[in-house]
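Please look over the model shown here before reading the report on its overall build and on two of its residues.

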Amino acid sequence: MTSWTPEELAVDPDPFVQPQWDIPKKICIQVAISGGGARLHNANPNQPRDLDTIREQAEAAIEAGPPTVTHFDHDNPRALQTRDGRKMQRGDSYMYVVRPLLEKYGREKVLPHINTMHGTFRQQMLPIVTGLAELTYNHSAWAPAYIKEVLPLQKEHGVRGELVIHQNSEIESCNRVFIQTGIMPNPNLWIMLPAAAPRNNGVSMFEYYRNERVMAQRFVLAIEDIKEIDPKAFIVVCCAGRASTYLATLAMIMGVHVRMGMEDTVWRHPHGDEMLKNNAETVRWAFAMARLLGREPLTPNEYRETVLGTQPRLD
């Protein structure tokens with residue numbers, strides 16, 4: 001027989017019978033300045049398309065926050081040039097953009113996350129071995145020989161890799177490739193990048209959310225799947241594709257973390273075609289929405305201390 005307390009049996013029970021939900025009061029808000037799916041086919045004319053504009057957009061985003069983490073992805077070959085047309089290789093392009101930001105704001109306001117998956121091996125590793133990057137990606141599709149080369153370099157230079165998930169099936173791939181092998185023991189950093197459009201050839205590397213119901217169902221399943229594998233996982237969800245700010249809001253409600261910015265979406269909302277004008281507006285929106293939901297953005301140094309387990313940086 002079920003035993004009920006007097007409070008639970010009351011016509012108007014004490015509201016404190018309901019326990020608090022287990023949602024972190026602090027939230028990591030990343031911003032991704034350029035690149036990715038949003039730059040394909042020149043979809044948004046406001047997308048930064050040269051290295052100087054990328055840096056200026058990053059400056060404005062830092063001033064608007066600062067965001068917990070600032071992500072840089074120079075995967076668009078057409079953007080690998082300065083405003084005056086000087087060509088630059090990947091690796092060197094990150095030095096050109098990120099170093100002046102660190103000199104201007106310091107690491108107290110800038111925690112660089114750099115996509116090191118493009119270009120030659122030297123170009124990929126330059127942001128890691130020079131100490132420019134503090135975060136990057138690790139992908140389960142990498143060849144074992146590549147993983148053997150790259151992960152020791154990340155560890156040697158104090159760089160943490162997020163397990164990147166483009167579609168839900170990659171969650172188990174990350175488990176088998178990185179966690180079960182002992183290469184990356186739990187708890188891990190995870191980043192979900194779903195919601196982009198399928199490709200015309202029928203093959204997609206993204207978990208496509210065609211409407212709000214599919215978004216909610218598949219997103220919750222993905223979070224459950226990750227937590228089953230890694231109970232203390234630190235999960236970041238990208239504001240991506242048509243789902244855009246609705247996906248980011250759902251992530252905040254679910255107690256995980258978000259990445260904003262112009263890399264992964266061109267839209268402000270999923271039910272309209274109004275385009276993003278700049279990265280700073282996405283940071284301001286995320287800070288305001290998080291606070292409306294009772295969550296406070298982590299500073300870069302709070303993230304270092306509480307998530308990475310490293311010392312604050314004032315350099």
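The report below moves from the whole chain to its core and then to single residues.

This is a predicted model, in which local features need pLDDT of at least 70 and side-chain atom pairs count only at pLDDT 80 or more, while totals for chains, interfaces and linings use all residues. Residues are numbered from 1 along each chain as its sequence is written, and side-chain values use heavy atoms, with hydrogens and water left out.

The protein contains 10 helices and 10 strands, where helices (H or I, at least four residues) and strands (E, at least two) are DSSP runs numbered from the N terminus. Along its principal axes, the C-alpha trace spans about 75 × 50 × 45 Å. Of the 315 residues, 52% are buried, meaning under 20% relative accessible area with a 1.4 Å probe and protein chains only.

The largest nonpolar core, a set of buried Ala, Val, Leu, Ile, Met, Phe, Trp, Tyr and Cys residues joined through side-chain atoms within 4.5 Å, has 87 residues, and F72 is among those with the most contacts inside it.

R55 lies in helix α2 (residues 51–64), and R55 counts as buried because its relative accessible area is 15%. R55 and W21 are 34 residues apart in sequence and 39 Å apart in space, C-alpha to C-alpha.

The table gives contacts (heavy atoms within 4.5 Å), leaving aside neighbours within four places in sequence.

| Residue | Residues in contact (within 4.5 Å) |
|---|---|
| F72 | I33, A58, Y94, V97, V98, L101, H113, I114 and N115 |
| R55 | Y96, V97, P100 and L101 |

Notes. Buried means under 20% relative accessible area, exposed over 50%, partly exposed in between (1.4 Å probe, protein chains only).
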